[in-house]
Amino acid sequence: MAPLLSRPLPPLSRSLSRLRLALPRSLIGRLVGLSLLLLFAVQLAGFAVVRATIDRNARIQIEGALDGDARAWQRVLGYNAERLQQAAALLAADYGFRSAVLSGDVDTMQSVLDNHGRRIGAAVSALLDDRMSLVSASVKGGASAYEVALGQAVPLLASGEKKDSRIVVVGGTPYQFVMVPMRAPLVIGWVVMGFPISQAQALELQQLRSAEVALLVTAADGSLSVPVSSLTGEVVERLRRAGPVGELHTEHGDLLARTVRMESLGGQVQAVILRSVNEVVAPYRRLQVMLGIVTLIGVLLFAAANGWMAHRLTVPLRSLIAATLRMADGDYAVPMGYTRRRDEIGNLARAFDRMRLDIAEQQVEIQRMALTDRLTGLPNREHFRALLVKAMAPGPGGDTSLAVLSLDLDRFKHVNGVLGYGMGDQLLQAVADRIGHQVRSGRDVLARLGGNAFALLLPGATAEEASAVAQRIARAFETPLALGDQTLDVSAGIGIACWPGPASDADTLLSHAEIAMYAAKQRLSGAMHYDTAMDSSSPESLSMLTDLRHAIDHGELRLYLQPKVALNGWKGCAAEALLRWQHPERGLVPPMQFIPFAEQTGFVRHLTLWVFAETARLLARPEVRATGLRVSVNLSTRDLLDPELHQKLGDLLSQHGVAAESFCLEITESAIMDDPQRAEAMLNRLSGLGFRLSIDDFGTGYSSLGYLRRLPVDELKIDKSFVLGMVAEGEGAATATVGGTGAGPGPGPGPGPGPGPGPGQGGGQGHGDVQIVRSTIDLAHNLGLTVVAEGVETEAVMQRLKDLGCDDAQGYFISRPLPLADFLAWLRRPREAAAAPCATPPIADAQTPLAAC
C-alpha cells in the first residue's frame, strides 16, 4: 500500500499555484484597499462628528438667541404700551378734559380725543364711563375698521380685569389697548387708547435681532390665521397649516422656532419667533470643504506610499510560496530564501525553513502513527480497510476469494475494572501475539480495530479454511495467559464473513463479520459464519419481520408439545411448549431461520406471549385440566428484561382461568447473566405469582452457584450436550450416531452435528459427562431442586439417568415434539405406553424441537 501522507496533494498544489499568480495583485490591492478604507472610514467618521457637533452647537446658539428674541419682542410691545399708557395718563389728568367729562360736554371730549390721538399716533382713543360704557371715541382717519374694532373691544375690556395693557383680538387682528382711570377724586371714567399690532412691530424686531416673527391668532371659532409676519408667503402658509412648532423645514433650510404666548381677549395670540440654522452653520460648511480637499490629497499620498510598501512585501512572499509549493510536492531539500534578513520577513522565512526540516523528520513517524495501532504495533482499522479494499479490487492485485475474521474478547471490561487498564493493555498485547501465531502465511493480515476488537484478513481463503483458522484461534485461547503474577482465562466470539458473498464492498464485508461475531458471543458458539438472518437491516430480515407479523395475525404459527416423563414413579405428566411456523408458500420454516432473528429484533416477545396464550387456552380445556398437565414455556433475555412481563402473564392467566402452578417458566443462564439485578427482580415477581421456575441448559453459562442459590428457582434442566455424551461403558461406538443428531428442545437448536461422542470415543468422553450429570443431580437435590434431563435418545441413557436419581426426562426416546392433536392422543395412552420409546424415528429438519425463545 502506498504511503498515505508522502504523496503530493493536487488540490493543495492547485490552490497554492492560484495564490502565487494572484498574490502580486490581490495582496497589494487588499493592503492598499484596506488602508484606504480605514482612512476613509476615519475621515467620514470625523466629518460626521464635526457636522453633528456644528449642527448641535448651532442649535444651542440659536436656542439662546431665540430666548433673547422673545424678550426683545416683549420689550417692543411693552414700549408701545408704555407710550400709550403715558399719553392716556396725561389725557386723564388734563383739567379741561375732566371738566368736559364732568359737565357732559361731548363736543369738547371728542375734540380732545382727536387731538391727543393724532399727537401720539394712536389708532383708537376713547372715553368710557365708570360703568365701562362708551361715552366718546376718536378713530384714526375715521376708518370704519377701527370703529368696528373699538365697538367689539369695549365689551371685552369691560369683562376682563382692569389692567394697564391688554391685547384684544378683533376680527382676527390683534390690538393692543391701554386703560387709565380718570379720577375726580373718585373714578369717573376710563381713558382707552390702542393700536393694531402690525407689520411695523415685526420689522422692528427683525431689524433689532435679525429674527423673523409671525403672529398666530386663534379665533373663538378655532380658525387659525397669521395676520402679522416678517416671513415670505410660502413659509407663512406652512406655518398656518402646521401651527406652533419647534422646528420648520423649508426648501431653503431649517428654521428653529420659539413660541411666545401673549395674554389676550377674544382669541388666542401666539408670537412665533424663528431663526435659520443654515445662516449659522454657513461659515463652518466652507471650512469643511477646505478640510475635505486637504483630506483627499492626504489619501492619495497615503495610497501611493502603501502601494510601494506592499510591493516590497510581495517579492519575498513569492519566494516563500514557491518553496511551499515544493514542500507540497514532497521536496524538502531546497532551503528557504531571505533567512538572513533581520525583520519580520526574515523571521517568517526562518520559521518556514524550520517547518520544512520538522516536516521532513516527522513524515515517517506520521506515516507510522496513521496506519498502525500504538499499543500492539498491528495495522489499525483504516489500514486494514485499505488492505481489504485492495484485496477485493479486480485486477492483478486482487484475490478471487477471501475471508475476514472479526474477534472480540469476552469480559474485557471486567479485566480493566478489576485489574486496571495497565493489565488490560498487557492482555491485548498478549492476545495479539497469540493470534499472530495462528495465521497461515505472511499474506494473512492481523489488525486491531479498536478496544478489544481484532480482525484477520485471509486472502484466497475459503469458508472451510476460515473455519479452520477460527478453530485454531479458539483452541489457542484454551491455554490461560500468564501476565506477571496473574493467570487469565481468555475467550472470544469470532465472526466469519467470506467473499464473494452477500457483501459487495469492504465496509459491508467487515460489518458482516462483526455481525456474525456478536451473534457468536450471544449464543456462546465460539465462531459463526455470517447469515442474512443475523442482520436486521438486510432485505431478507425486513421481509421476515413482516412475514412474522402476518403469521401471528393469520394463524400460521403452530403449538407443538414434547412430553416429559417422571423417572422415579409416575406423579403426573408434563411437556415443553415449542413453536412451529407453517408458512403458506415455504412450508414448515426451520426454527433457525426465524428464532435468532426474532431474538435480535425483539419480536420474540410477541412469540412468547403467543405461545403462553395458546398454552393457557389448552390448559383451560376440561379434558386437559383433569390430567394435571404442567407445561414448560421458555423465556428469552428480552422477555426477562420486560418490566411488564409479570403483568402480561398474569392477565393471560386471568383471561383463561388457569393457575400459575400449571406453568414452568424456563430461563437460560445467559439470559439471567445479561442483567443479573433486573433478572433477579423479575424472577422474584414471577415466583410470587406462583410460577414454577427452571434454569434451562444448566452448565453452559457463566453464572456462579452462589448467585443461582439466591434465585427463586425450582428446577435445573441439564443441557443435552452432557446427556448425549452419557453412554454405558463399551457403548461408545454404538451410540455415536445418536450423539451426532444434535436434536433437543433447547432454545433454538437446529439440525447438524451435536456434541455427542464419535466412534471410539465413548468410554472417556462418556465417563466425564456422567460425572458432570451426577454432580449436577446431587447439587440440585442438595439445594432442594428437581432435575430434568433433555436430549434422552436411548434407553441406556434413560436408565443411567434413573440410576443417578434424575427426576424427569425429555427427548426423542420418549417422544418427538407433537402437534396439539397428536399430543392429546399421546396423553390419553396408558401410562406404560406413554413412557415407551417413540415409535417414529426423529425427523432431522422440520421436526427439530424449537423453544418459544
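Leu-378 is buried, because its relative accessible area of 15% falls under the 20% at which burial is set. This residue belongs to a predicted model, and it is found in the loop between helix H8 (344-371) and helix H9 (381-392). Leaving aside the neighbours within four places in sequence, Leu-378 is in contact with Leu-371, Thr-372, Asp-373, Ala-432, Leu-446, Ala-447, Arg-448 and Phe-454. One of these partners, Ala-432, is 54 residues away from Leu-378 in sequence, although the two C-alpha atoms are 8.1 Å apart in space.

With that residue in mind, we can turn to the chain as a whole. The chain has 853 residues, of which buried residues make up 45%, and it contains 28 helices and 28 strands. Among contacts between residues at least 6 apart in sequence, 66% join residues that are at least 24 apart.

Two helices that follow in the chain show how such elements can pack. Helix H10 (residues 412-419) and helix H11 (residues 421-436) have axes 6 Å apart and pack at an angle of about 140°, and they are therefore described as oblique to each other. On the H10 side the meeting residues are Phe-412, Val-415, Asn-416 and Leu-419, while H11 contributes Tyr-421, Met-423, Gly-424, Leu-427 and Leu-428. Sorted by class, this contact has 7 nonpolar residues, 2 polar ones and no charged ones.

Strand S12 (residues 402-409) is a good place to look at burial within a strand. Since 8 of its 8 residues are buried, S12 is largely enclosed by the rest of the structure. Both of its faces are covered, with Leu-402, Val-404, Ser-406 and Asp-408 buried on one side, and Ala-403, Leu-405, Leu-407 and Leu-409 buried on the other. S12 pairs in the antiparallel sense with strand S14 (residues 453-459) over 7 bridges, and here Ser-406 has Ala-455 as its bridge partner. S12 also pairs in the antiparallel sense with strand S17 (residues 492-499), over 8 bridges, and Leu-402 has Trp-499 in S17 as its bridge partner. Trp-499 is joined to Pro-500 by a cis peptide bond, with omega at about 5°, and Pro-500 lies in the loop between S17 and helix H13 (506-523).

Next come two open sheets. Strands of a sheet pair through backbone hydrogen bonds, either parallel or antiparallel. One sheet is formed by 6 strands in the order S2-S1-S5-S4-S3-S10, with mixed pairing. Strand S2 (134-139) and strand S10 (264-265) stand at its edges, each with a single partner strand, so one side of each is left without a neighbour in the sheet. Strand S1 (residues 124-129) runs antiparallel to S2 and is joined to it by 5 bridges, with Ser-125 standing opposite Ser-138 in S2. Helix H2 (residues 95-103) packs on this sheet, where it touches S1, strand S4 (173-183) and strand S5 (187-196), and its direction makes about 85° with that of S4.

The other sheet has 5 strands in the order S7-S6-S11-S9-S8, and its pairing is antiparallel. Its edge strands are strand S7 (224-229) and strand S8 (247-250), each of which pairs on one side only, and neighbouring strands are turned by 30° against each other on average, direction ignored. Within this sheet, strand S9 (residues 253-262) and strand S11 (residues 267-276) pair in the antiparallel sense over 8 bridges, and Thr-259 stands opposite Val-272 in S11. Helix H5 packs on the sheet and touches S6, S7 and S11, its direction making about 60° with that of S7, whereas helix H7 (residues 277-328) touches S9 and S11 and makes about 10° with the direction of S11. In the loop between H5 (199-209) and strand S6 (212-219) lies Ser-210, whose phi is near 55°, a positive value in a residue other than glycine. Ser-210 is exposed, with a relative accessible area of 54%.

Finally, we come to the nonpolar cores. The largest has 82 residues, and those with the most contacts inside it are Phe-594, Phe-663, Leu-665, Leu-686, Phe-691 and Leu-801. Helix H16 (residues 604-619) supplies the largest share of this core, 9 residues. Not counting residues up to four places away in sequence, Phe-663 touches a set of residues including Phe-612, Ala-616, Leu-619 and Phe-691. A second, separate core of 36 residues includes Leu-91, Ala-153, Met-182 and Phe-195.

Technical notes. Residues are numbered from 1 along each chain as its sequence is written. This is a predicted model: local features need pLDDT of at least 70, side-chain atom pairs count only at pLDDT 80 or more; totals for chains, interfaces and linings use all residues. Side-chain values use heavy atoms; hydrogens and water are left out. Axes are lines fitted to C-alpha atoms, for helices over the stretch in contact, and angles run from 0 to 180 degrees between N-to-C directions. Helices (H or I, at least four residues) and strands (E, at least two) are DSSP runs, numbered from the N terminus. Angles under 35 degrees count as roughly parallel, over 145 as roughly antiparallel, 65 to 115 as roughly perpendicular and the rest as oblique. Contact means heavy atoms within 4.5 Å. Ala, Val, Leu, Ile, Met, Phe, Trp, Tyr, Cys and Pro count as nonpolar, Asp, Glu, Lys and Arg as charged, and the others, Gly among them, as polar. Two strands pair if DSSP finds at least two bridges between them. Buried means under 20% relative accessible area, exposed over 50%, partly exposed in between (1.4 Å probe, protein chains only). A nonpolar core is a set of buried Ala, Val, Leu, Ile, Met, Phe, Trp, Tyr and Cys residues joined through side-chain atoms within 4.5 Å.
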